[in-house]
Amino acid sequence: MSLGALIKEEKRAATTSSSSSSSSQVHMPKDIDWQMLDKPRFFFLGAALFSGVSTALYPILVLKTRQQVSPTRLSCANISLTIARLEGLKGFYKGFGTSLLGTVPARALYMTALEITKSSVGHATVRLGLSDTTSMAVANGAAGLASAVAAQVVWTPVDVVSQRLMVQGDVSLSSCRYTNGFDAFRKILCTDGPRGFYRGFGLSILTYAPSNAVWWASYSLAQRSIWSRLKRQDGGGSVVVQALSAITASGCSALITMPVDTIKTRLQVLDAEENGRRRAMTVMQTVRSLMREGGFGACYRGLGPRWVSMSMSATTMITTYEFLKRLAVKKQT
């Protein structure tokens, strides 16, 4: 039984009070639970669909990353024109091969942790007697937190390599030259050892875990709020509701976690010079550098591209994800 169905069933059995009747007035499309999915089909189709999404949105990530590590404030238009003039179209896809290679296993971990946690926590919150809205928000928030932590084990090394490739078109941002992802991997390993691939891992967790928790909880609440106003029982307008909910959740998440994301990106990409030798910057060095360059406002460089990227990514991700789940439902026998 899906989480949404379980909530309705247990609430109906537990109470017939007016609050329960009011809650049942919110008509939402039926949720598809983890147990209802054909797992091989789910992961195979997911790899194909999300690879397409990553291809479309990658140039925005390049702009965001270059804005974050730039020592001066630059607009997206200026960065775009510079990349187009000096590097051509391929400049917008530097590091894409590495990113795509890591996206498949990271997405698999993310989706597995997301669905299992949402199902488990959702059942637990219902049995604790929490309201429908609270149960869904807590389950989605916990699922976002767990999925982000699981995925970062793969995503952090991929981020370190791909982001270094993203910025090396600008000589002022990168002191080391890489020919491709394998060359970057080899040089980082030789210079920093295995730990070099997990630069900013703690900050990645501090960025993406709360960001995902806030996003999924906000998405759940926004979706429920919109459906309660529509009062439709036929599921019509599902894609529009999902998109509006995703944009709302992305705005909340981007504003809250932007400073930590900027520090994390700089920590992963930039090096400090000491006695003529390159070495990894510390968190405090990174923060002091940002404060010198523009105060607290410097921590919000790249907010525009990040919000747009998150909104577009989240909208396409959630609509693709819900479509994927419907494609991967086990056939009834």
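**Core residues and helix packing**

Phe42 touches Trp34, Leu37, Met111, Tyr321, Leu324, Lys325 and Ala328, when residues up to four places away in sequence are not counted. The model in which these contacts occur is predicted. Two of the residues touched by Phe42, namely Tyr321 and Leu324, appear together with Phe42, Trp215 and Trp216 as the members of the largest nonpolar core that touch the most other members. This core holds 24 residues. At least two residues of the core are supplied by each of α3, α5 (96-127), α6, α8, α9 (238-269) and α11 (303-327). The largest share comes from α11, with five residues. A second core, separate from this one, has 20 residues, among them Val69, Ile79, Ala272 and Leu290.

Lys325, another residue in contact with Phe42, is found in helix α11. The relative accessible area of Lys325 is 0%, and Lys325 is therefore buried, the cut-off for a buried residue being under 20%. Apart from residues up to four places away in sequence, Lys325 touches Asp31, Ile32, Leu37, Phe42, Glu115 and Lys118. Leu37 is thus listed among the contacts of Lys325 and also among those of Phe42.

The packing of helix pairs was examined next. Helix α3 spans residues 39-69 and helix α4 spans residues 76-86; the two pack at an angle of about 110°, and their axes are 10 Å apart. Since angles of 65 to 115 degrees count as roughly perpendicular, α3 and α4 are therefore roughly perpendicular to each other. On the α3 side, the contact is made by Val62, Leu63, Arg66 and Gln67, and on the α4 side by Cys76, Ile79, Ser80 and Ile83. Five of the residues in this contact are nonpolar, two are polar and one is charged. Ile79, which belongs to the α4 side of the contact, is also included in the second core.

A second pair consists of helix α6 (residues 132-167) and helix α8 (residues 201-230), which pack at an angle of about 150° with their axes 7 Å apart. Angles over 145 degrees count as roughly antiparallel, and α6 and α8 are therefore roughly antiparallel to each other. The crossing in which α6 passes α8 is right-handed. The contact of α6 with α8 comprises 15 nonpolar, ten polar and three charged residues. Both α6 and α8 are also among the helices that each supply at least two residues to the largest nonpolar core.

Conventions
Residues are numbered from 1 along each chain as its sequence is written. This is a predicted model: local features need pLDDT of at least 70, side-chain atom pairs count only at pLDDT 80 or more; totals for chains, interfaces and linings use all residues. Side-chain values use heavy atoms; hydrogens and water are left out. Axes are lines fitted to C-alpha atoms, for helices over the stretch in contact, and angles run from 0 to 180 degrees between N-to-C directions. Helices (H or I, at least four residues) and strands (E, at least two) are DSSP runs, numbered from the N terminus. Angles under 35 degrees count as roughly parallel, over 145 as roughly antiparallel, 65 to 115 as roughly perpendicular and the rest as oblique. Contact means heavy atoms within 4.5 Å. Ala, Val, Leu, Ile, Met, Phe, Trp, Tyr, Cys and Pro count as nonpolar, Asp, Glu, Lys and Arg as charged, and the others, Gly among them, as polar. A crossing is left-handed if the near helix is turned anticlockwise from the far one by less than a right angle, and right-handed if clockwise. A nonpolar core is a set of buried Ala, Val, Leu, Ile, Met, Phe, Trp, Tyr and Cys residues joined through side-chain atoms within 4.5 Å. Buried means under 20% relative accessible area, exposed over 50%, partly exposed in between (1.4 Å probe, protein chains only).
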